[in-house]
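Here is a brisk report on the structure shown below. Keep the view open while reading.

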Amino acid sequence: MLKKSLWSMLGMILFVLAACSGGEDSSQDSENANGEVIIEIWDYLAPDSTSAREQEALIEQYQEENPNVTFNRTYMPFADLKTRLLQGIGAGELPDIVLIDNPDHQSFIEAGVFADITDMVEEWGEIDLYFEGPVASTMMDGNYYGIPNNSNALAIYYNKTMFEEAGIEALPETWDEFYDVAEQLTEGDIRGFAMAGVKSEEGTFQFLPYLWQAGADLDSFNSEAAIEAMRHIQEMVQEGIISSNMINWDQSDVLVQFHTEKAAMMENGPWQIPILEEEFPDLDWGVMLMPAGADGTASILGGENWAITADSEVKEEAWKFIKWTQKPEIMGPMHELGGRLPSRADVANDEQYEWAQDENMKMFMEQLETAQPRAYGTNYPEISNHVQEAIQRAITGEDVESVMQSTAEQITPLLP
Amino acid sequence: MQGQFRHTFSRYMFFLPALIFVLIFMIYPIVYNIIVSFQDLTLMNLKTGGQFIGLDNYTNVLGTATFSVALKNTVIYTVSCIFFQIVIGYLLAVFLNQDFPFRNFFRSIMLLAWMTPLVITGSLFTWLFDVDYGVINYILTSLHIISEPVNWLGQQSTALTAIIITNIWIGIPFNMILILAAMQSLPKDVYEAATVDGSNKLQTFWHITLPLLRPQLLVIIVLGIIYTFKVFDLILIMTGGGPVNATTVLPFYGYQLAFVNFNFGESGVVATVILCILLIIASIYLYMMKKEEVQ
């Protein structure tokens, strides 16, 4: 009697343990005898967003054309994707294809997550058609670990009605002109300009263009030019041209300031265009290039890259799919659907697509030519942390020179 | 003898599922975390496993200015939150312990603050504290308490205070309910005796209510400290640890090291420090409870 209960209990424990380990990934042996292939994709394109719409359309169309291929697409929120990739490394369970934010690409290359696909890319022979910046973000030591899919850059949105009311006719092209115009537009609780200064990657993303416009870079963070760039922002905050609240704003908060007409201009990316068009049709706005500093105009490159994981067993099939998405006749309509900008010149210059027709999109395409990638090696996230701190210290009124000096000391050893 | 053993053994078997659960989901992560804190584990060697590097992580992390700021912030945050939550919670409990119409309605509606998800409360207070449109600034300037709107979350001197106020608001109802429950179990006759002896309200509080509530208050304080000490969501939603590091607390700092900088070893150090502090608090609590029982 006793024995019986003992055994049944042991049995139950074993059953529970077996159930726990039952979640084995079925895609590990994904190619069976009939040539059927399962490709697993991870991305962070939020459900119902325009870019997720594009991703689903791509998968659907490819499956129709290639009945032997089935996709398993998993969406995870932006911040979770990195965490899940990390857990995947630990557990040895990674998908076949990852759509990754381009500043993170290099870190994960170095972690050994992505496959070196140099041979395939060279055989394909179309990589020369792509813009330099996006391609650089997929490379490490001269080898290719992915393909840029779409790009974005920051530019300045401006409220046409407010410009007219203030009698401003010429769009500002330099820092000084920009400052004057923004000052003119600042009145009461309406600010001339809005940008994000939140303590996250978005803060760094919005500040780096100024650093480059001034002619500095992260390796010269304490130079005259870099100090000038930070001072430019600090002055605008101190004069009330930018709300001191920018310290807590991310890029969607900045959009709120703009569409509620509390800010006459904002620094933002092309992904806000569909939102402004669809949800705020009464707002009369335009896009202009970022103002030029001592070193001309410059912007920052964002966007997603395709990458194949090193452990994938269906690399050939995955590459076939990625190559297919990059065909001009596929990419053109698909990127239009997704409201994204292409990273390859032939598609970008094709007159039939909206980025070659729409005035605002065209501005972003032009700005993209001056966009630089955040290719600062694997310590970039930590460097970015220090930059965010520097921005916040400056906004809250600390002496810019000492801020830049101490930050330079922190980030120099982290640079490659 | 044999049968005796088998008898007790089978009884211990009932204990096994719980034991396995504790081992896998509690002991293992803690031990693994301590091991990692002695390793050079980053994104680069996550696949192969980190090297043992002795106390390097500890000297690196404990030496940084950010760590001391985070520790200081955590202590200030925990102490002030618990203090105000319990004092205000107690006063409300006294109030709701009276008999008046709709008492139960008010008791339950008070819990709303506790039941609201932190993401919502956090976003809500971010708007309330807003420098341009915030209601709090509007009220304070209208009453001429301040002349200029204060950028509560945007400057180093006030950001932590603003978050503490938010968390006090969240925590009051929970403390109130616990104290209220404890108060209702107090014997009535002591109070009657005190009234007969002519003790005033304050004396009654100091000499009767407080000593009688002591064991329950101890539990509430210790639970509160543990719960408050691991604050993370509020910080992430309201300030992201900024401005500069004004609202960086230990759990947030650990998260940043692990999931932003990908330095798992150093993050392990922060987690171990948190574990040690909470262990000390828990042991003090156990010691005090034991003393209580002896009395």
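## Model and confidence

pLDDT is the predictor's confidence in each residue, on a scale from 0 to 100. It applies here since this is a predicted model. Among the elements of chain A, β7(A) has the highest mean pLDDT, 96. The lowest mean, 54, belongs to α1(A).

Over the whole of chain A, the mean pLDDT is 87. Of its residues, 92% reach 70 or more. One stretch falls well short of that cut-off: residues 20-31 of chain A stay under 50. For this stretch the model has 11 contacts beyond four places in sequence.

## Two domains in chain A

The domain assignment splits chain A into two parts, each built from two segments. Domain 1 takes 37-152 + 302-372. Domain 2 takes 155-289 + 376-414. Their centres, taken over C-alpha atoms, are separated by 28 Å.

Where the domains touch, 16 residues come from domain 1 of chain A and 15 residues from domain 2 of chain A. On the domain 1 side, α4 and α16 (359-368) of chain A each supply at least two residues. Helix α16(A) gives the most to that side, with six residues. By class, the domain 1 side has five nonpolar, nine polar and two charged residues.

## The four-stranded sheet

Chain A holds an open sheet of four strands in the order β8-β9-β7-β10. The pairing is mixed. Strands β8 (191-194) and β10 (285-288) of chain A form the edges, each pairing on one side only. From one strand to the next, the twist averages 20 degrees.

Which way do β7(A) and β9(A) pair, parallel or antiparallel? Strand β7 (residues 155-159) and strand β9 (residues 263-268) of chain A pair in the antiparallel sense, over four bridges. Within β9(A), A:Glu267 stands opposite A:Ile156, and A:Met265 stands opposite A:Tyr158. By contrast, β8(A) and β9(A) run parallel and are joined by three bridges. Here A:Ala194 stands opposite A:Met266 in β9(A). Both senses fit the general rule: strands of a sheet pair through backbone hydrogen bonds, either parallel or antiparallel.

## Cover over the sheet

How many residues of β9(A) are buried? Six of its six residues are, and the strand is mostly covered. Helix α11 (residues 251-259) of chain A lies across β7, β8 and β9 of chain A. It runs at about 155 degrees to β9(A).

## Contact between the chains

The contact between chains A and B takes 30 residues from chain A and 28 residues from chain B. On the chain A side, the elements that give two or more residues are α1 (2-20), α3 (78-91), α4 (102-110) and α17 (380-395). Helix α17(A) provides the largest share, six residues. One contributor needs a caution: α1(A) has the lowest mean pLDDT among the elements of chain A.

By class, the side of chain A that touches chain B has 10 nonpolar, 14 polar and six charged residues.

## Two residues with positive phi

Most residues other than glycine have a negative phi. A:Asp141 has a positive phi of about 50 degrees, although it is not a glycine. It sits in the loop between β4 (139-140) and β5 (143-144) of chain A. A:Asp141 is exposed, because 8 other C-beta atoms lie within 10 Å and the cut-off for exposed is 12 or fewer.

B:Val244 also has a positive phi of about 50 degrees, and it is not a glycine either. Its place is the loop between α12 (233-238) and α13 (250-259) of chain B. Is B:Val244 buried or exposed? It is buried, because 24 other C-beta atoms lie within 10 Å and buried requires 20 or more.

## Two helix residues

A:Gln238 lies in helix α10 (residues 224-238) of chain A. It counts as partly exposed, with 14 C-beta neighbours inside 10 Å. A:Gln238 and A:Gly125 are 113 residues apart in sequence and 52 Å apart in space, C-alpha to C-alpha.

B:Val135 lies in helix α8 (residues 135-142) of chain B. With 11 other C-beta atoms within 10 Å, B:Val135 is exposed. From B:Val135 to B:Ile281 there are 146 residues in sequence and 38 Å in space, C-alpha to C-alpha.

Key: Residues are numbered from 1 along each chain as its sequence is written. Chains are lettered from A and ligands numbered from 1 in the order in which they are written. This is a predicted model: local features need pLDDT of at least 70, side-chain atom pairs count only at pLDDT 80 or more; totals for chains, interfaces and linings use all residues. Two residues are in contact if their C-beta atoms, placed from the backbone, lie within 7 Å. Ala, Val, Leu, Ile, Met, Phe, Trp, Tyr, Cys and Pro count as nonpolar, Asp, Glu, Lys and Arg as charged, and the others, Gly among them, as polar. Two strands pair if DSSP finds at least two bridges between them. Axes are lines fitted to C-alpha atoms, for helices over the stretch in contact, and angles run from 0 to 180 degrees between N-to-C directions. Domain bounds come from an automatic or database domain assignment.
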